[in-house]
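Could you walk me through this structure, stop by stop, while I have it open in my viewer? I am new to it and would like to know what to select next.

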Amino acid sequence: MLSYRHAYHAGNHADILKHWVQVLCLQYMKKKDKPFFYIDTHAGAGQYALYEGFAQKTGEYKDGIGRLWAQKKVPDVFADYMTCVQNQNEASLKFYPGSPMVAAQLLREDDRLRVVEMHTSDLKHLEKNLADDPRAQVIYGDGFEQIKALLPPPTRRGLILMDPPYELKEDYKRVLAALQEGLKRFATGTYLVWYPLLNANYSQRFAGQLQQLPCDNWLNVQLQVTEMPGGHGMYGSGMFVINPPFVLREQLLEGLPWLVKLLAQGDGADYRLEISPATK
Ligand code: SAM
């Protein structure tokens, strides 16, 4: 049973980190004049209304994209990300683009999108959102399993976003297994893995487990919006990037201090940035 609906969380602090990193990596892929595949293993609906329904119930976006939207000027390193959000809106903030629509905005004519979703309601929205895009193929299925069918991409260039809900603890293990499989088939791909920061052993050790994967070129960034709570609740999130663009570390260092200040929800807001020893 799939109960997770991303519409409750669209545009929150975790989406900001995820989609900002996604944009920086996509822009880097475009520097080479050779087409690539963008693969989204857990795609969601593609676009979310912020003015009604699920998003209004939680209001999470107000402390995420709402705060960025209210800025007269953002640091240059956020400009392309903000353009993706602005393109979905007019004067006021009403919609938030999910990862497939962020990618669709940035990909070139010869690049391709392969987006996988397993929840039938979100799938319907996703199909509608990408219906007129000849570069896109929407796949109904299990994103972890689809790694086998989709890798390596025909062009041998690819960016893979893995963004499961982690409502089931099993997702942590499935991410690790899917990445093992992915790296076996396509070792040179750039893989972006989003994960939540929770006060729980399985969450605290996850970044370390990702670092043990058979790849010695990675970057791990975490954005913590408040201190770790005594109980449940997400206090931040991380992005683990395998084969990151070499400029990514510098770009993140340029933007993170500003982002932490802007998105802080309490004491203890901070960021952490690590890269693999071989990358240094
Ligand atoms: N990547 C999206 C974005 O950034 O806009 C958000 C994705 S949301 C965090 C996770 C999505 O994965 C949900 O839409 C959920 O229905 C879907 N899902 C859950 N398990 C899945 C699976 N095994 N394979 C594919 N999709 C799955």
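Before the first stop, one term: a residue is called buried when its relative accessible area is under 20%. Keep in mind, too, that this is a predicted model.

**Stop 1: D15**

Select D15, which you will find in helix α1, residues 13–29. Is D15 buried or exposed? Its relative accessibility is 1%, and because the cut-off is under 20%, D15 counts as buried. Now show polar contacts: the D15 side chain comes to 2.9 Å from the backbone nitrogen of G11. Leaving out residues up to four places away in sequence, D15 also touches H6, H9, A10, W20 and Y96.

**Stop 2: Q47**

Go on to Q47, in strand β2, which spans residues 47–49. Here the relative accessibility is 25%, so Q47 counts as partly exposed. Which residues does Q47 contact once its neighbours within four places in sequence are set aside? They are Q88, F95, Y96, G98, M101 and N129. You can also draw a distance from the C-alpha atom of Q47 to that of L126: the two are 79 residues apart along the chain, yet separated by 7.7 Å.

**Stop 3: helix α5**

Next, select residues 99–106, which make up helix α5. How many of its eight residues are buried? Seven of them are, and the helix is mostly covered. The buried ones are S99, P100, M101, V102, A103, A104 and L106.

**Stop 4: D122**

Move to D122, which is part of helix α6, residues 120–130. With a relative accessible area of 7%, D122 is buried. Apart from neighbours within four places in sequence, D122 is in contact with R5, H6, G44, A45 and E117.

**Stop 5: the ligand**

Now select the ligand and show what lies around it. Its surroundings consist of 21 residues, and the closest are H19, S99, E117, G143 and D163. Which polar atoms lie by a nitrogen atom of the ligand? One is a side-chain atom of D163, at 2.7 Å. Another is a backbone atom of G143, at 2.8 Å. A side-chain atom of D142 is a further one, at 3.3 Å. On its own, the ligand has 600 Å² of accessible area, and the protein covers 97% of that.

**Stop 6: aromatic rings**

Show the side chains of the aromatic residues. How many aromatic pairs does a search of the whole structure find? There are twelve. One of them is Y166 with Y172, a tilted pair whose centres are 4.7 Å apart and whose planes meet at 45°. Both partners are buried: Y166 has 7% relative accessibility, and Y172 has 5%.

Then pick Y195 and F206. Their ring centres are 5.8 Å apart and their planes stand at 75°, so this pair is edge-to-face. Y195 belongs to strand β7 (residues 190–197) and F206 to helix α10 (residues 206–211), so the pair ties together parts that are eleven residues apart in sequence. Y195 and F206 are both buried.

To see these rings in one view, select Y166, Y172, W194, Y195, Y202 and F206, which form one aromatic cluster.

**Stop 7: charges over rings**

Stay with W194 and add K18: the charged end of K18 sits over the W194 ring, 5.7 Å from its centre. For another example, select K94 and Y51, where the charged end of K94 sits over the Y51 ring, 5.9 Å from the centre.

**Stop 8: backbone angles**

The last stop is about the backbone. Most residues other than glycine have a negative phi, and most peptide bonds are trans. Select L151 and P152, which are joined by a cis peptide bond with omega of about -5°. P152 lies in the loop between α7 (143–150) and β6 (158–162).

Return to Y166 from the aromatic stop. This residue is not a glycine, but its phi is positive, about 60°. Y166 is in the loop between β6 and α8 (170–185).

Finish at N243, another residue other than glycine with a positive phi, near 55°. Where does N243 lie? Its place is in the loop between β9 (236–242) and α11 (248–263). With a relative accessible area of 16%, N243 is buried.

Conventions. Residues numbered from 1 in each chain as written. Predicted model: local features only at pLDDT ≥ 70, side-chain atom pairs only at ≥ 80, totals over all residues. Heavy atoms only, no water. Phe/Tyr/Trp six-rings, centres within 6.5 Å; stacked < 30°, edge-to-face > 60°. Buried < 20%, exposed > 50% of the residue type's maximum accessible area, 1.4 Å probe, protein only. Helix = DSSP H or I, 4+ residues; strand = E, 2+ residues; numbered from the N terminus. Lys NZ or Arg CZ within 6 Å of the ring centre and 35° of its normal. Near = heavy atom within 4 Å. Polar contact = N/O pair within 3.5 Å; in protein donor to acceptor, adjacent residues only side chain to side chain. Areas by Shrake-Rupley, 256 points an atom, 1.4 Å probe, with all protein chains shown as cover. Contact = heavy atoms within 4.5 Å.
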